[in-house]
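Student: I would like to go through this structure and test each label against its cut-off. Can we start with the helices?

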Amino acid sequence: MTDQTFASPATTRAELIPLIKLAVPLMVGLAAALLIGVVDTAMISPLGTIPLAAAGVTTAVLIILISALWGVITALSVQISQAEGARDPAKVALALRSGLLLCLLGGGGAALLMIALYPLLGPLGQPGEVLAILLPYWVSMAARYTTLLETRGEKDSN
């Protein structure tokens, strides 16, 4: 059996506080991105059940896409931090440009995927009343996706 050495509580506390300071802004950013659906639901609910159903199906797809791409976009923070730590402005600039391109391509790809999924909603069981009003909201949320990811990339660069 190996001898495991545990850090003292003082050392653990000293490491935990900076870790929390780093983690909280990331958690708030992710929560804010996912709260888009909550705000939309609150604002659309007075319009009735059919508009609410349209917003609900859109939000469900958006959450899946945001969650899938969030880790890819997070790589931008790592690259920029490593280049900044190495005090290499050229690598910082390259990582920033590459990351913003990644955000643009990822967001655009997700938007195109979302638009490509729209014709499948009927065969998957969405009611005709919902589909009748869904397309403008669906496309606007898909288009908003590109700017959401690019904004995330810009925040990571700071």
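Student: Which are the buried residues of helix 2?

Tutor: This is a predicted model, so all values are computed from predicted coordinates. The buried residues of helix 2 are Gly37, Asp40 and Ile44.

Student: How do you know that they line one face of the helix?

Tutor: Look down the axis of helix 2. The buried residues fall within an arc of 65°, so they share one face. On the other side of helix 2 sit Ala42 and Met43, both exposed. The general rule helps here: an α-helix has 3.6 residues a turn, so residues three or four places apart point the same way.

Student: Why is aspartate 40 said to have no salt bridge?

Tutor: Aspartate 40 lies in helix 2, residues 36–44. It is buried, and the nearest side chain of opposite charge, arginine 144, is 4.0 Å away. A salt bridge needs a side-chain nitrogen of Lys or Arg within 4 Å of a carboxyl oxygen. Aspartate 40 is listed without one, with 4.0 Å as the stated distance. Contact is another matter: aspartate 40 touches Tyr137, Met141 and Arg144, leaving out residues up to four places away in sequence.

Student: What makes tyrosine 118 and tryptophan 138 an aromatic pair, and a tilted one?

Tutor: The count comes to one aromatic pair. Tyrosine 118 and tryptophan 138 are 6.0 Å apart, centre to centre, with 55° between the planes. Centres must lie within 6.5 Å, and tilted covers what is neither under 30 degrees nor over 60, so both conditions are met.

Student: Where in the chain do the two partners sit?

Tutor: Tyrosine 118 is in the loop between helix 4 (89–117) and helix 5 (128–157). Tryptophan 138 is in helix 5, 20 residues apart from its partner.

Student: Why are tyrosine 118 and tryptophan 138 called buried?

Tutor: The cut-off is under 20% relative accessible area. Tyrosine 118 has 17%, so it counts as buried. Tryptophan 138 has 1%, so it counts as buried too.

Student: Which residues have the most contacts inside the largest nonpolar core?

Tutor: They are Met114, Leu121, Leu134 and Trp138, in a core of 19 residues. Helix 3 (49–85), helix 4 and helix 5 each give two or more residues to this core. Helix 3 provides the largest share, seven residues.

Student: What is leucine 121 in contact with?

Tutor: Beyond its neighbours within four places in sequence, leucine 121 contacts Val57, Gln126, Leu131, Leu134 and Trp138. Apart from the largest core lies another, of seven residues, including Ile73, Ile80, Ala83 and Ala95.

Note on methods. Residues numbered from 1 in each chain as written. Predicted model: local features only at pLDDT ≥ 70, side-chain atom pairs only at ≥ 80, totals over all residues. Heavy atoms only, no water. Helix = DSSP H or I, 4+ residues; strand = E, 2+ residues; numbered from the N terminus. Buried < 20%, exposed > 50% of the residue type's maximum accessible area, 1.4 Å probe, protein only. Lys, Arg positive; Asp, Glu negative; His and termini not counted. Contact = heavy atoms within 4.5 Å. Arc of directions from axis to C-beta. Core = buried A, V, L, I, M, F, W, Y, C linked by side-chain atoms within 4.5 Å.
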